Amino acid sequence: MNEQKPDNRPLKVFLINLDRAGDRLTAMQEKLDRVGLQFERVAAVDGEILDFPLAEFSERSFRFMHGRRRNPGEIGCYLSHVECARRLLVSECEFALVLEDDLEFPEDLTELLQAALDAGSAWDILRLSTVNRGRKFSFAKLTEKRSLAIALTREKGSGAYLINRRAAHWFVEKLLPMRLPFDLAFDVEFFDGLKSAFVSPVPIDQMIGLPSQIQSKRRRYHRSRWHYLTVLPYRAFIEASRLFFRLWRLSVAFVHAFAAALWKSDEIGSGVAQFPRNAVKQAGDTQ
């Protein structure tokens, strides 16, 4: 198995790819070679060959919460992402970069990945792509070009993201059976106390013009307008919850940043800056 280890901390790189999409694999191999990332291919679950009913998929919950009949392609995508989490957990690595096979990478990808691992205490899920254009509120500097940010509204797309082992356990233990498309399911991490963030500006482009292997057939799985009797109340609850939890987290981050700035200015003003903060505290404790 191949792995990238920025700063000697293991990072697994998983590329999800259907067996019948060899052209996409070749293209992604070339792109990842250019940015110096070695990867482990994860054969995507092909929804077209799944037998239903399926223990890993709750049709009743999917219709109630999402308002559509099952889409085998969405189910295969979902199970493929959960498989990546399983593979992280059976490895000795702390983090995984999960990639779908229709992406474009920025020139500073290696730099931002290293910075993201350095800031690993700030996130459990770090999203590197999206198909939406909602505002991302920055709360910490990541590199000269990019910051860590929080989205207060729903963001779809799961083309590229980082997870740690805590998030991987959540994927495997709490996200099955499937009740929502994957990009919506892992966007409600706040209910279980996980921390999600974005890199802003969003670095990886998953809107590169390739035909979708899922969305092109999506309309055939729509239900009647009556599904809104369950879906709209559920979505309203999710959006309100997301706004509350993430706004609270953003506020706490700003308070911590403000307090750190005050401490730094006090240190400089008093001449204490030449000593580590814990050393000053230890000196005070001995008096």
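Me: What share of the 287 residues in the chain is buried?
Reply: Buried residues make up 48% of the 287. This is a predicted model, and the values are computed from it.

Me: What secondary structure does the chain have?
Reply: It comes to eight helices and eight strands. Among contacts between residues at least 6 apart in sequence, 81% join residues at least 24 apart.

Me: Why is His81 called buried?
Reply: Its relative accessible area is 1%. Buried means under 20%, so His81 qualifies. His81 is found in helix H3. Beyond its neighbours within four places in sequence, His81 is in contact with Ile16, Val98, Glu100, Ser158, Tyr161, Phe171 and Phe182.

Me: Which members of the largest nonpolar core touch the most other members?
Reply: Tyr78, Ile163, Phe171 and Phe186 do, in a core of 41 residues. Elements that give two or more residues to this core include strand E1 (11-17), helix H3 (72-90) and helix H7 (228-270). H3 gives the most, with eight residues.

Me: Which residues is Tyr78 in contact with, leaving aside neighbours within four places in sequence?
Reply: Leu175, Leu176, Met178, Leu180, Pro181, Phe182 and Ala185. There is also a second, separate core of 35 residues, which includes Leu37, Leu113, Leu128 and Ile204.

Me: What makes Phe191 partly exposed?
Reply: Its relative accessibility is 37%. Partly exposed lies between the 20% and 50% limits, so the term fits Phe191. Phe191 lies in the loop between H6 and strand E8 (196-200). With Phe237, Phe244 and Phe245, Phe191 forms a nonpolar patch on the surface, with about 420 Å² of accessible area together.

Me: How do you know that Arg20 and Asp46 meet in a salt bridge?
Reply: Their side chains are 3.1 Å apart, N to O. The cut-off is 4 Å between a side-chain nitrogen of Lys or Arg and a carboxyl oxygen of Asp or Glu, so the pair counts. Arg20 is in the loop between E1 and helix H1 (22-35), and Asp46 is in the loop between strand E2 (40-43) and H2, 26 residues apart.

Me: Are Arg20 and Asp46 buried or exposed?
Reply: Arg20 is exposed, at 57% relative accessible area. The limit for exposed is over 50%. Asp46 is buried, at 17% relative accessibility.

Me: What makes Glu104 and Lys31 a salt bridge?
Reply: Their closest N and O atoms are 3.2 Å apart. That is within 4 Å, so the pair meets the rule. Glu104 lies in the loop between E3 and helix H4 (109-118) and Lys31 in helix H1, so the bridge ties together parts 73 residues apart in sequence. Glu104 is partly exposed at 35%. Lys31 counts as buried at 12%.

Me: Why are Glu83 and Arg86 separated by about one helical turn?
Reply: Because they are three residues apart in helix H3. They form a salt bridge, with the closest N and O atoms 3.8 Å apart. The 4 Å limit covers that distance, so the bridge counts. Glu83 is partly exposed at 27% relative accessibility. Arg86 is partly exposed too, with a relative accessible area of 35%.

Me: Which residues do salt bridges with shared partners join into one network?
Reply: Arg127, Asp187, Glu189, Glu239, Arg242 and Arg246. For the salt bridges as a whole, the count comes to 20.

Note on methods. Residues are numbered from 1 along each chain as its sequence is written. This is a predicted model: local features need pLDDT of at least 70, side-chain atom pairs count only at pLDDT 80 or more; totals for chains, interfaces and linings use all residues. Side-chain values use heavy atoms; hydrogens and water are left out. A nonpolar core is a set of buried Ala, Val, Leu, Ile, Met, Phe, Trp, Tyr and Cys residues joined through side-chain atoms within 4.5 Å. Buried means under 20% relative accessible area, exposed over 50%, partly exposed in between (1.4 Å probe, protein chains only). Helices (H or I, at least four residues) and strands (E, at least two) are DSSP runs, numbered from the N terminus. Contact means heavy atoms within 4.5 Å. Patches are made of residues with over 30% relative accessible area and no salt bridge: like charges are joined within 9 Å, nonpolar side chains (Val, Leu, Ile, Met, Phe, Trp, Tyr) within 5 Å. Accessible areas come from the Shrake-Rupley method with a 1.4 Å probe; for residues, only the protein chains shown count as cover.
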